[in-house]
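Please load the model in a viewer and keep the selection panel at hand. The tour below proceeds from one selection to the next and states what is found at each stop.

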Amino acid sequence: MSDLKITDLHKHYGNFHAVKGVSLDVQAGEFTVLVGPSGCGKSTLLRCIAGLEETSSGRIEIGGKDVTHARPRDRDIAMVFQNYALYPYLNVKDNIAFGLRARKFAETEIEKRVKRASDMLGIGHLLTRFPRELSGGQRQRVAIGRAIVRDAILYLFDEPLSNLDAQLRDDMRVEIKRLHQELGRTMIYVTHDQIEAMTLADRIVLLRDGVVEQQGSPLDLFERPQTRFVAGFLGSPKMNFLKGTLTRTGVSLADGRELVLPGRESLRSGQAVLLGVRPQHIALAGKTVAKGHERIPVTIELVQPTGSRVQVTLPLGGTSVIAELGAHEVSRPGEKTFIDLDMTRAIVIDAVTEKVL
Amino acid sequence: MTAAVHPDRNFKYWLLAPAIFLLLLIGLFPLIYSLVVSFMRIDMMDTDTSFAWFYNYKQLFKDGRLWWSLAHTLLITAIALPVELLLGLAMAYLFLEKMPWRQIFISLLVLPTIISPIVAGATWRLLFDNKYGPINQIISWVAGERIDALWTIKPNLVYPAIIFCEIWQWTPFMFLILLAALSNVDKSQTEAAEIDGARFLRIFRYIALPAIWPVMAIAILIRGLDLFRIFDIIWALTQGGPGTRTETISIYAYTQGFKQFETSYTAAIAFLVVFILTVICTWAIRRMGLAK
C-alpha cells in the first residue's frame, strides 16, 4: 500500500514556479529522501505535503485519503523542523506531550508514550528542562521525540541535521536510521547533503529546478545515473567529466588521447560527449593492466590527504581530474606516475542533452 | 598608546554637572515645588501663602465629587482598556497574514492614533451632534424614522459615546504594537503546533501569548496610565458634563485649578493621582513579571 501519493503537483509563488509537476508514490515503511541543491523545490514539496503551503494544482493523498486541501492537523503527519521549532515556554516533557494533549489523549497514556519516546532517544533525564537549557543535539532529539510520540502515517523531516556540527550530524544520522528500523514508519526526509541521502534512503528522489531528475535506490542512482546532473550530484569527491568525441572503439579526449570503451559499440561515432569517471575508479597503476582499464602516465598536481585515503588532482584530457587513491600511494606534487582508468565503469554523457547514453 | 589622564579623577563629574543640574531643575524642581504648594494655603483669590500642612489632604477625603470623578475614571478605564486590547489583538491577527495592500491598510488604520486627541474629540463632537451630526442621520436611515439621540447630553448615552471615541482613537496603538510582537513569533513554532493538532486557542495560549507577553504587558501599562489621565477627548465632547456626570480625575483637577483657582488643593489632588498610579504601576510591574 502506498502511504503517500502525489500526482502532478505544482506550486507557484507569484511568478516563481517552485515545483513543476512532481509525481511521487511512497510505499508504507519506506524511507524516502528528497535531495537536491538549494532552491530545487524540495522543502516546498515537503511543506506542501505537510499542508503548510497551499498547492497550486495537483493532488496529494496520505494513507489513501485525499488531503490536497486539508489542514495540517487533519493530515495525520508529524514533522521535524530544521530549526527544531521547540516551544520555548514549555519544558521538554510538555513539548513532547503537546501534540498528544492537543489530540485529547488520556494523561496516563501521555505519560507512557512520553516515557517510551524519551527512553528511545536517551533524553529521559532532560524532561523537566526548557529548550533554552539544551544543547543543539539535545534539542534535535526532543524535536524528533515530539514527532515519534504520535502515531502518524507520515513522518516528515525538513533538513533536521543541518544546524548541527559535523560530529553530531554523523551521530544523529545513525540515530535516525536506527529509529526508522525500529519503528518501521514511513518517513520523508529533505536534505541537500548527498551523504545523508545515500546513507539513509531506501529511495532517493533527486530534484532539480522543481522537477524530479531521477528517483530510485541510492545505489541505482549512484551507479546508473540518467543525467550528468545526477552523476555529478551524488558521490564525494564529485565525478570527473572529460570532454571528448566518440570514435569507433571508444572516446577521443580533448588532448587527443584515445580511450577504448568496452561494450559501447552501439554508440554513434563523431558525437560530442562527456566521459564521466568517478575518483574511486582511478587507481595507481598495478603490475598488469586489468581488462577494460586504460593505463595513462600523469604528473601529480595537488595532494589532499583525508587520512584513510588521499585525493589527488592530476591533469587528464585537457582538464584537471580528481582521483581517490590509497593513503601513502603518492606523496607530493610533481611526482610522475601511471594511473589505471576503469573504463568499464565510466559513463558516457551526451554533451548537448546532458543525458547518459 | 596611553590616553592623557587628567590629574583630577573627578573632573568628569564636573563636566557632567551642568547637564545634571539642568535636568534636576526642569524635572525635579516642579515636582517638589508642587508638593510644597500642596501643604500650603494658596489660592488665586487671596494672598495668604501660609502653611496648612495636611489640611488639603484631609479635605480630599471629604470631597465626594473627587471620589466620583475617580469612579468615572476607573469605569472608562475598565471598559476601554480590555476592549482596545482585544480589538487590537484581533486586528493584529487579521493583518498577520499576507494580503494585497497590507501596508496601505495598516497606515490607514493607524491614522486615528496620529490625530491629536482634542481634534479627534472636537470632530466626534460634530459627528455626534443631535441636529446636524451624521451619526444620528445614519441611525435614522437604518431605523426608518427620525432618531434624535442626545449623545453628549443624555446621561445614559455619554459614556458609550466617550468610550467609543477612546476606543476608536487608541485601538490602532494596541494593534500596531501587537502586530509587531506577533510578527516576531517564530513561524515554525506555530506551524509545528498546527501539525501537532493544536487549534487557535491552544497555539495562542502556549506559543503566541508567552512570546508577546512582555510587549503586551507594557502596552497595557501605557494605555492604562493614559486612560487614567484621560482628559482631551472628554473635554472636547462633554467638558465633564452633563453636570459632573463624566468628570474624570484629570478634568476635576483642571476645574479646581483653573476655574476655581484652588492652587494648593489642586496640587494635593495631583499628588493623590501620583500616589495611586505609583501603587498601581509598582504592583503591575511586579505582577506582570516585567521587573525580572
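**Stop 1: the second largest pocket**

The second largest pocket of this predicted model has a volume of about 380 Å³. To find it, select B:A253, B:Y254, B:F258, B:T266 and B:A270, which lie nearest its centre among 15 lining residues. Next, colour α11 (249-258) and α12 (263-287) of chain B, the elements that give two or more residues to this lining. By class, the lining of the second largest pocket comprises 10 nonpolar, 4 polar and 1 charged residues.

**Stop 2: α1(B) against α12(B)**

Keep α12(B) selected and add helix α1 of chain B, residues 11-38. The axes of these two helices come within 7 Å and cross at roughly 120 degrees. That angle makes α1(B) oblique to α12(B), and the crossing is left-handed. To display the contact, select B:L31, B:S34, B:L35, B:V37 and B:S38 on α1(B), together with B:T263, B:S264, B:A267, B:A268 and B:F271 on α12(B). Which classes of residue form the contact of α1(B) with α12(B)? The contact has 6 nonpolar and 4 polar residues, and no charged residues.

**Stop 3: the largest pocket**

Remain in chain B and select B:L96, B:E97, B:K187, B:T190 and B:E194; of the 22 residues that line the largest pocket, these are the closest to its centre. The volume of the largest pocket is about 950 Å³. Which elements of chain B give two or more residues to the lining of the largest pocket? They are α7 (155-183), α8 (187-195) and α9 (200-228). The largest share, 4 residues, comes from α8(B). When coloured by class, the lining of the largest pocket shows 10 nonpolar, 3 polar and 9 charged residues.

**Stop 4: α3(B) against α7(B)**

From the largest pocket, follow α7(B), one of the elements of its lining, and add helix α3 of chain B, residues 64-94. The axes of α3(B) and α7(B) are 7 Å apart, and the helices pack at an angle of about 40 degrees. At that angle α3(B) is oblique to α7(B), because roughly parallel is reserved for angles under 35 degrees. α3(B) passes α7(B) in a right-handed crossing. The residues of this contact divide into 22 nonpolar, 3 polar and 2 charged.

**Stop 5: the second largest cavity**

Now turn to enclosed space: a search of the whole structure finds 2 cavities of 30 Å³ or more. For the second largest cavity, select A:M79, A:A143, A:R146, A:A147, B:A192, B:I195 and B:D196, which line it. About 40 Å³ of space lies in this cavity. The elements that give two or more residues to its lining are α4 of chain A and α8 of chain B; α8(B) also lines the largest pocket. α4(A) gives the most to the lining of the second largest cavity, with 3 residues. By class, that lining has 5 nonpolar and 2 charged residues, with no polar ones.

**Stop 6: α2(A) against α4(A)**

Retain α4(A), residues 136-148, and add helix α2 of chain A, residues 92-102. Their axes come within 7 Å and cross at roughly 30 degrees. The angle therefore makes α2(A) roughly parallel to α4(A). The crossing is right-handed. For the contact, select A:V92, A:N95 and A:I96 of α2(A), then A:V142, A:G145 and A:R146 of α4(A). By class, this contact has 3 nonpolar, 2 polar and 1 charged residues. A:R146 is also among the residues that line the second largest cavity.

**Stop 7: two backbone details in chain A**

The last stop concerns backbone geometry. Most residues other than glycine have a negative phi, and most peptide bonds are trans. Select A:S236 and A:P237: the peptide bond that joins them is cis, with omega at about -5 degrees. A:P237 is in the loop between α8 (228-233) and β11 (240-246) of chain A. Finally, select A:H328. Is its phi positive or negative? Phi of A:H328 is near 70 degrees, a positive value in a residue other than glycine. A:H328 is found in the loop between β19 (319-326) and β20 (336-342) of chain A.

How values were computed:
Residues numbered from 1 in each chain as written. Chains lettered and ligands numbered in written order. Predicted model: local features only at pLDDT ≥ 70, side-chain atom pairs only at ≥ 80, totals over all residues. Heavy atoms only, no water. 1 Å grid on protein atoms, 1.4 Å probe; cavity = no way out; pocket = protein on both sides within 12 Å on 5 of 7 lines; lining within 4 Å. Points joined across faces, edges and corners; volume = space filled by probe spheres on them. Nonpolar A, V, L, I, M, F, W, Y, C, P; charged D, E, K, R; others polar. Axes fitted to C-alpha atoms, helices over the stretch in contact; angles between N-to-C directions. Parallel < 35°, antiparallel > 145°, perpendicular 65-115°, else oblique. Left-handed = near helix turned anticlockwise from the far one by under 90°. Contact = heavy atoms within 4.5 Å.
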